[in-house]
Amino acid sequence: MALTFYWYPKCGTCRKAKKWLADRGISVREVHIVENPPSREELAQLYQKSGLPLKKFFNTSGMKYRELGMKDKVNTASEKELLDILASDGMLMKRPILTDGEKVVVGFKEEEYQKFFE
């Protein structure tokens with residue numbers, strides 16, 4: 001199972017997730033979410049396979065999120081608009097994102113990562 005790990009190296013949560021994976025000998029294909037953000041199509045697939053609401057893909061504590069006034073937009077914009085906005089800037093995405101092509105985990109919680117590998 002090929003794993004893809006979208007992350008931002010300066011992000012503490014991403015570093016914790018990467019360490020969790022490394023401590024268990026789990027290798028991943030690392031993708032820098034800002035330098036190589038997932039395309040709109042990739043985001044749409046990740047979103048659909050995650051089973052999560054699209055707003056869970058936004059980094060709500062990021063400066064970009066606040067600068068763009070996304071707090072209200074995430075509740076009123078269409079799915080298409082939100083995917084376009086997310087695809088426009090990797091800094092808007094909640095990270096890390098871990099996927100094996102079928103399952104998707106957004107953010108890092110040890111329990112969720114544990115479940116992912118069960």
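In this predicted model, proline 96 is found in the loop between α5 and β3. The peptide bond that leads into this residue, from arginine 95 to proline 96, is cis, with omega near -5 degrees. The loop between α5 (79-88) and β3 (97-99) also holds aspartate 89, a residue that returns below among the salt bridges.

**Aromatic rings**

A pair of aromatic rings is described by the distance of the centres and the angle of the planes. In this structure the count comes to seven aromatic pairs. One of them joins phenylalanine 5 and tryptophan 7, whose ring centres are 5.9 Å apart and whose planes stand at 35 degrees, so the pair is tilted. Phenylalanine 5 is buried, with a relative accessible area of 0%, and tryptophan 7 is likewise buried, with a relative accessible area of 10%.

Another pair is formed by phenylalanine 116 and phenylalanine 117, with ring centres 5.0 Å apart and planes at 70 degrees; because planes over 60 degrees apart count as edge-to-face, this pair is described as edge-to-face. The surroundings of the two residues can be stated separately: phenylalanine 116 is buried, with a relative accessible area of 4%, whereas phenylalanine 117 is partly exposed, with a relative accessible area of 27%. Both residues belong to a cluster in which ring pairs link Trp20, Phe108, Tyr113, Phe116 and Phe117. Phenylalanine 116 has a charged neighbour as well, since lysine 103 lies over the face of its ring, at 4.7 Å from the ring centre.

**Salt bridges**

Side chains of opposite charge can pair when their charged atoms come close. The count for this model comes to six salt bridges, and three of these pairs are set out in the table, with the N to O distance for each.

| Salt bridge | N to O distance |
|---|---|
| Glutamate 30 and lysine 18 | 3.2 Å |
| Lysine 19 and aspartate 23 | 2.8 Å |
| Aspartate 89 and lysine 64 | 3.4 Å |

The side chains of glutamate 30 and lysine 18 meet in a salt bridge. Glutamate 30 lies in strand β2 (residues 29-32) and lysine 18 in helix α1 (residues 12-23), so this pair ties together parts that are twelve residues apart in sequence. Glutamate 30 counts as partly exposed, at 41% relative accessibility, and lysine 18 is also partly exposed, with a relative accessible area of 29%.

The salt bridge between lysine 19 and aspartate 23 is placed within helix α1, where the two residues, being four residues apart, are separated by about one helical turn. Lysine 19 is exposed, and so is aspartate 23.

For the salt bridge between aspartate 89 and lysine 64, aspartate 89 lies in the loop between α5 and β3 and lysine 64 in helix α3 (residues 63-67), so the pair ties together parts that are 25 residues apart in sequence. At 17% relative accessibility, aspartate 89 counts as buried, while lysine 64, at 33%, counts as partly exposed. Elsewhere, salt bridges that share partners join Arg40, Lys80 and Asp84 into one network.

**Helices and contacts across the sequence**

How do helices α2 and α5 lie with respect to one another, and at what angle do they cross? The axes of helix α2 (residues 40-50) and α5 come within 9 Å and cross at roughly 120 degrees. That angle makes α2 oblique to α5, and α2 passes α5 in a right-handed crossing.

Helix α4 (residues 70-76) contains methionine 70, and asparagine 75 has its place in helix α4 too. Is methionine 70 buried or exposed? At 0% relative accessibility, methionine 70 counts as buried, whereas asparagine 75 is exposed, with a relative accessible area of 54%. Each of these residues can also be related to a residue elsewhere in the sequence. Methionine 70 and phenylalanine 58 are twelve residues apart in sequence and 8.9 Å apart in space, taken from C-alpha to C-alpha. Asparagine 75 and leucine 54, for their part, are 21 residues apart in sequence and 9.9 Å apart in space, again from C-alpha to C-alpha.

Technical notes
Residues numbered from 1 in each chain as written. Predicted model: local features only at pLDDT ≥ 70, side-chain atom pairs only at ≥ 80, totals over all residues. Heavy atoms only, no water. Phe/Tyr/Trp six-rings, centres within 6.5 Å; stacked < 30°, edge-to-face > 60°. Buried < 20%, exposed > 50% of the residue type's maximum accessible area, 1.4 Å probe, protein only. Lys NZ or Arg CZ within 6 Å of the ring centre and 35° of its normal. Salt bridge = Lys/Arg side-chain N within 4 Å of Asp/Glu carboxyl O. Axes fitted to C-alpha atoms, helices over the stretch in contact; angles between N-to-C directions. Parallel < 35°, antiparallel > 145°, perpendicular 65-115°, else oblique. Left-handed = near helix turned anticlockwise from the far one by under 90°.
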